[in-house]
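Here's an informal walk through one protein model, from a few single residues out to the whole chain. Have the viewer open as you read.

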Amino acid sequence: SSSRSESRGGRGAPPGARIDDVPETLTTDRLTLRTFRDDDADALFDLHSRPEVHRWIGDGQPMTDVAEARASIPRRRDVPYPPPQGIWAIDLHERFVGTLLLKPIPISGSPLAADPRDPDLALDSPEVEIGWHLHPDVWGRGIATEAATRVLGHASGLRRVVAVTHPDNEPSQRVARRLGMRDEGLTDRYYDTTTRLFVLER
C-alpha cells in the first residue's frame, strides 16, 4: 500500500444517506472506483485484518474486529474533500479489492499528522497524496497502477501530487514509478515518520 495512513474523516451523515456520489464514480476496462457503502464492512475487514497488508500502513497494526471496519466507512465516505479529491472503493468485476485515495497529506508536526483520524482536520494540508491499499489476492495484476492512472487522469488539474511509501515497500514504489512519479528518496516531511517520497509534477 502506498499511503501511510488509513482513510479517515467524516461528516456524520446517516448511513446510506447520499444525495449523490462523492467522489464521482470512475471506471476502467476492469475496475469500478466508487463511493464506500455500509455493506463494504466485511470485505474491508478482510483487507485490513491482514498483517501482510498492514505491515506497510500506519502503525502496522491490523484491524481485529469487523466493527473497526464498519466504523471507518463513514470516515472514508463523508469527508467533503474538494473535487477531484476523494477516497474510492475499488471493485474488480463487482468484488471489492481495495482502496484508492487522493487527499490532503499530513505534514509532520501538524495536528493532522498527530491525529489522522480527526475528520475536522482532514482537509488541513496544502499538499495532496495518492495512495492505494489492495487485497493480497490481486497483488501483481496491475490494479493499483490502473486505478491510480484513472484517478490521476480525473484529477488532471492538480499540478503536484505526492505518494509516500514505507521505505521497504518496493512493490508500491514500483507502482509510483510506473505512474511517472519521481523518486525523491527518504523524507521525514509527512506523517511524523520516515517515508520514501515520490512526486508527480505536471
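## Starting from a loop

Ser-125 sits in the loop between helix H4 (111-114) and S5. Helices here are DSSP runs of H or I with at least four residues and strands are runs of E with at least two, both numbered from the N terminus. This is a predicted model, in which local features need pLDDT of at least 70 and side-chain atom pairs count only at pLDDT 80 or more, while totals for chains, interfaces and linings use all residues. Residues are numbered from 1 along each chain as its sequence is written, and side-chain values use heavy atoms, with hydrogens and water left out.

Is Ser-125 buried or exposed? Ser-125 counts as buried, because its relative accessibility is 14%; the cut-offs are under 20% relative accessible area for buried, over 50% for exposed, and partly exposed in between (1.4 Å probe, protein chains only). Setting aside neighbours within four places in sequence, Ser-125 touches Pro-104, Ile-105, Ile-107 and Leu-112, where contact means heavy atoms within 4.5 Å. For Leu-112, the C-alpha to C-alpha distance from Ser-125 is 8.0 Å, at 13 residues apart in sequence.

## More loop residues

The other loop residues worth a click are set out here.

| Residue | Loop | Relative accessible area |
|---|---|---|
| Gln-85 | between H3 and S3 | 10%, buried |
| His-93 | between S3 and strand S4 (95-104) | 60%, exposed |
| Gly-142 | between S5 and H5 | 33%, partly exposed |
| Tyr-191 | between strand S7 (182-187) and strand S8 (195-201) | 9%, buried |

Now for the backbone. Most residues other than glycine have a negative phi, and most peptide bonds are trans. His-93, which is not a glycine, has a positive phi of about 50°. Tyr-191 is also a residue other than glycine, and its phi is positive, near 60°.

The peptide bond between Pro-83 and Pro-84 is cis, with omega about 10°. Pro-84 belongs to the loop between H3 and S3, and Gln-85 lies in the loop between H3 and S3 as well. Which residues does Gln-85 contact, leaving aside its neighbours within four places in sequence? They are Pro-23, Leu-102, Lys-103, Pro-104 and Val-128.

## An enclosed space

Gln-85 also leads to a cavity: the second largest one is lined by Val-22, Pro-23, Arg-76, Arg-77, Asp-78, Val-79, Pro-80, Tyr-81, Gln-85, Gly-86 and Ile-87. Helix H3 (66-77) and strand S3 (86-92) are the elements that give two or more residues to that lining. The second largest cavity holds about 50 Å³ of space, and the whole structure has two cavities of 30 Å³ or more.

On a 1 Å grid over the protein atoms alone, a cavity is a set of points where a 1.4 Å probe fits but cannot get out, whereas a pocket is an open set with protein on both sides within 12 Å along at least five of seven lines; lining residues have an atom within 4 Å of a point. Points are joined across faces, edges and corners, and the volume is the space filled by probe spheres set on them.

Arg-76, one of the cavity-lining residues, lies over the face of Phe-36, at 5.5 Å from the ring centre. A charge counts as over a ring if NZ of Lys or CZ of Arg is within 6 Å of the ring centre and within 35 degrees of the ring normal.

## An open pocket

Over to the second largest pocket, with about 310 Å³ of space. It is lined by 18 residues, and the closest to its centre are Trp-139, Gly-140, Pro-171, Ser-172 and Val-175. Which elements each supply at least two residues of this lining? Strand S5 (128-134), helix H5 (143-154) and helix H6 (170-178) do, and H6 gives the most, with five residues. Val-175 and Gly-142 are 33 residues apart in sequence, with 8.3 Å between their C-alpha atoms.

## The whole chain

Zooming out, the protein chain has six helices and eight strands, in the order β-β-α-α-α-β-β-α-β-α-β-α-β-β along the sequence. Of its 202 residues, 51% count as buried. Among contacts with a separation of 6 or more, 70% come from residues 24 or more positions apart.
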